[in-house]
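The following note was prepared for a colleague who wishes to review this structure. The points are numbered and may be read beside the sequence and the coordinates.

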Amino acid sequence: MAVEQGPVTGRQADLRAKGLSTNSVGLLASVVLGVSSIAPVYALTATLGPTVTEVGLQMPAVFLAGFLPMLLVAYAYRELNRVAPDCGTSFTWTTKAFNPYVGWLCGWGALLATIIVLSNLAGVAVSFFYLLLGEITGSESVGALGDDTLVNVLTCVAFVALATWVTYRGVEATKRVQYVLVGFQMVVLAVFAVLALVKAGSAPGGIAFELSWLDPTAITSFSAFTAGLSLSLFIYWGWDTCLTVNEETAGSSRTPGRAALLTMLVIIVTYVGVAIAVQMYAGIGAEGTGLGNPDTGDNVFAALAGPVLGPGLAFLLFLAVVASSASSLQTTFLPTTRTMLAMGTYGALPKRLAEVHPRFLAPSTATLVAGVGTAAFYVGITLISENVLIDTIYALGLMICFYYGLTAYACVWYFRHELRRSARDLVFKGVLPLLGALMLTAVFLQTAVDTLDPAYGSGSSVFGVGSVFVIGIGLLLAGVVLMLAWRARHPEFFRGETLRVDTPSLVFDD
């Protein structure tokens with residue numbers, strides 16, 4: 001049953017009813033969507049090698065360090081969702097807390113992050129799809145098809161189109177697909193980690209576990225730490241999907257926040273366990289299966305599937321990566337489309353983005369726009385840089401720090417008058433979100449400076465500036481131009497006529 005927060009009149013009454021399906025997602029489904037969006041198998045195979053390159057044996061420590069700011073920001077999301085459950089999440093909350101300009105740029109950062117990661121997900125899915133076919137057919141030429149630019153791009157566009165179609169059919173269809181895909185990838189990942197631990201003692205590059213692996217202070221420099229942390233933040237990104245489906249969740253003011261915290265706990269246990277297992281089995285050497293070997297580090301699971309699982313079961317890990325990438329490719333459309341829906345509803349973007357399919361009760365135009373945007377971004381960036389994956393992953397860290405950090409600051413400012421009301425309010429609405437925001441700000445600033453160097457990431461550059469900086473900071477600055485252009489034609493949102501601090505949100509009884 002829907003209940004209203006505060007008086008609703010005129011323009012605001014029209015804005016509140018977005019038309020999404022209600023009570024379609026429970027606690028378990030919300031956690032599954034969060035885990036799926038994070039895509040643990042995909043995230044690990046994309047970052048284990050680069051993280052070892054940055055911090056060596058302290059990879060597990062960096063994974064733990066990256067968890068802390070994410071956990072602190074998750075409390076900010078939980079508290080804001082309790083009082084204003086809106087599918088626009090960061091965009092809506094920063095607009096309410098600060099002003100429309102900050103809110104618009106925060107929404108832009110969130111959209112950029114999802115478009116970037118969607119393109120990466122599609123790229124990894126394509127690579128492992130052909131590796132899987134090669135493993136099944138026993139043909140090296142089939143397995144290498146993913147390296148062919150034309151085949152890669154065409155297959156990627158096909159994958160994006162399929163994910164767009166499933167998402168277009170609504171959250172119910174998405175939820176059913178995810179139960180299977182998430183369950184499968186988590187089981188395979190657990191089997192892989194256990195076998196890696198069992199075989200570590202006899203592996204050529206195997207090393208014994210040491211507690212120092214969990215010590216972040218052993219990292220040699222702050223730049224190396226922030227580079228590793230940026231990658232670590234990337235592998236946790238996506239838990240906020242639990243919040244973006246809040247208007248479709250049963251108990252919308254409480255369930256999404258609980259689901260986000262549960263998702264984070266599942267993921268930290270998974271990541272640290274797998275990181276330790278892989279490091280014990282492969283070591284960090286630059287030869288053979290060592291994680292310091294570029295041939296291994298560029299695609300860890302592809303290199304270790306056979307040695308760890310054996311030739312008979314190696315295809316399962318390839319299939320798990322495909323399942324992980326495909327499932328996350330689908331669920332990552334959820335925050336993108338819901339943010340567009342909210343921005344369209346409140347007049348921050350074209351009104352057509354606020355259209356909801358009358359049968360599937362899901363954003364229709366926004367889903368199609370997200371699909372086209374993802375395919376276009378992937379094709380464009382692939383033609384610009386041969387090392388698109390690593391560059392966009394590093395750039396994604398900047399996006400994450402930007403909009404997560406703004407949201408955490410928004411929590412502190414939004415509740416500033418309540419912080420003296422109780423110890424709980426001070427801690428969960430003030431201290432913890434502020435600490436998380438400050439951590440993310442430090443990582444953002446240090447990473448922005450470091451990425452000016454073309455040696456950062458893949459080593460490619462644009463006019464002498466590192467391509468990671470161009471992708472990350474350049475796209476954020478492009479948002480300022482687009483925002484001012486939109487304000488010139490549609491100033492209502494920026495005058496506070498459609499969304500302000502007293503605009504009520506739709507809340508459902510628990």
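To how many salt bridges does the count come? The count comes to 11 salt bridges; points 2 to 4 take up some of these, after a remark on confidence.

1. Confidence. The model is predicted. The mean pLDDT of the protein is 84, and 91% of the residues reach a score of at least 70. Among the elements, helix 5 (residues 90-97) has the highest mean pLDDT, at 95, whereas strand 1 (residues 2-4) has the lowest, at 33. Residues 1-16 have a pLDDT below 50, and in the model this stretch has 32 contacts beyond near neighbours in sequence.

2. The salt bridge between R424 and E79. In this pair the closest N and O atoms are 2.8 Å apart. R424 belongs to helix 19 (residues 423-450) and E79 to helix 4 (residues 59-83), so the salt bridge ties together parts that are 345 residues apart in sequence. The two partners may be described separately with respect to accessibility: R424 is partly exposed, at 32% relative accessibility, while E79 is buried, at 2%.

3. The salt bridge between D425 and R421. Here the closest N and O atoms are 3.0 Å apart. D425 counts as buried because its relative accessibility is 6%. R421, with a relative accessible area of 57%, is exposed.

4. The salt bridge between R500 and D502, and the network. The closest N and O atoms of R500 and D502 are 2.7 Å apart. R500 is partly exposed at 35% relative accessibility, and D502 is partly exposed with a relative accessible area of 47%. Through salt bridges that share partners, R78, E79, R82, E418, R421, R424, D425 and K429 are joined into one network. The pairs of points 2 and 3 thus have their residues E79, R424, R421 and D425 in this network.

5. Cysteines. A disulfide is a covalent bond between the sulfur atoms of two cysteines. The count of disulfides in this model is zero. C401 takes part in no disulfide, and the nearest cysteine sulfur, that of C106, is 13 Å away. C401 is buried, at 4% relative accessibility. For C411, the closest cysteine sulfur is likewise in C106, at 13 Å, which is too far for a bond. C411 is buried as well, with a relative accessibility of 0%.

6. Nonpolar cores. In soluble globular proteins, nonpolar side chains tend to be buried together. The largest nonpolar core of this model has 147 residues, and the members that touch the most others are W104, W239, F301 and Y404. Helix 6 (residues 100-137) supplies the largest share of this core, 19 residues. Beyond its neighbours within four places in sequence, W104 is in contact with F91, T95, M343, A348, L349, G479, L482, M483, W486, F493 and F494. Another core lies apart from the largest one; it has five residues, including A29, L33, V245 and L334.

7. T263. Is this residue of helix 12 (residues 255-282) buried or exposed? At 0% relative accessibility, T263 counts as buried. Its contacts, leaving aside neighbours within four places in sequence, are V31, G34, V35, I38, W239 and C242. W239 is also one of the residues that touch the most other members of the largest core. The C-alpha atoms of T263 and L33 are 9.1 Å apart in space, although the two residues are separated by 230 residues in sequence.

8. T336. This residue is part of helix 16 (residues 333-345). T336 is buried, with a relative accessibility of 1%. Which residues does T336 contact, leaving aside its neighbours within four places in sequence? T336 is in contact with L111, T114, I115, L118 and A370.

9. Helix 3. This helix (residues 40-55) has a kink of about 40 degrees at T47, shortly before the proline P50. Of the 16 residues of helix 3, 14 are buried, so the helix is largely enclosed by the rest of the structure. Just after helix 3, G56 adopts a positive phi of about 65 degrees.

Definitions and conventions: Residues numbered from 1 in each chain as written. Predicted model: local features only at pLDDT ≥ 70, side-chain atom pairs only at ≥ 80, totals over all residues. Heavy atoms only, no water. pLDDT = per-residue confidence, 0-100. Helix = DSSP H or I, 4+ residues; strand = E, 2+ residues; numbered from the N terminus. Contact = heavy atoms within 4.5 Å. Buried < 20%, exposed > 50% of the residue type's maximum accessible area, 1.4 Å probe, protein only. Salt bridge = Lys/Arg side-chain N within 4 Å of Asp/Glu carboxyl O. Disulfide = S-S within 2.5 Å. Core = buried A, V, L, I, M, F, W, Y, C linked by side-chain atoms within 4.5 Å. Bend = angle between axes of the 7 residues up to and from the residue.
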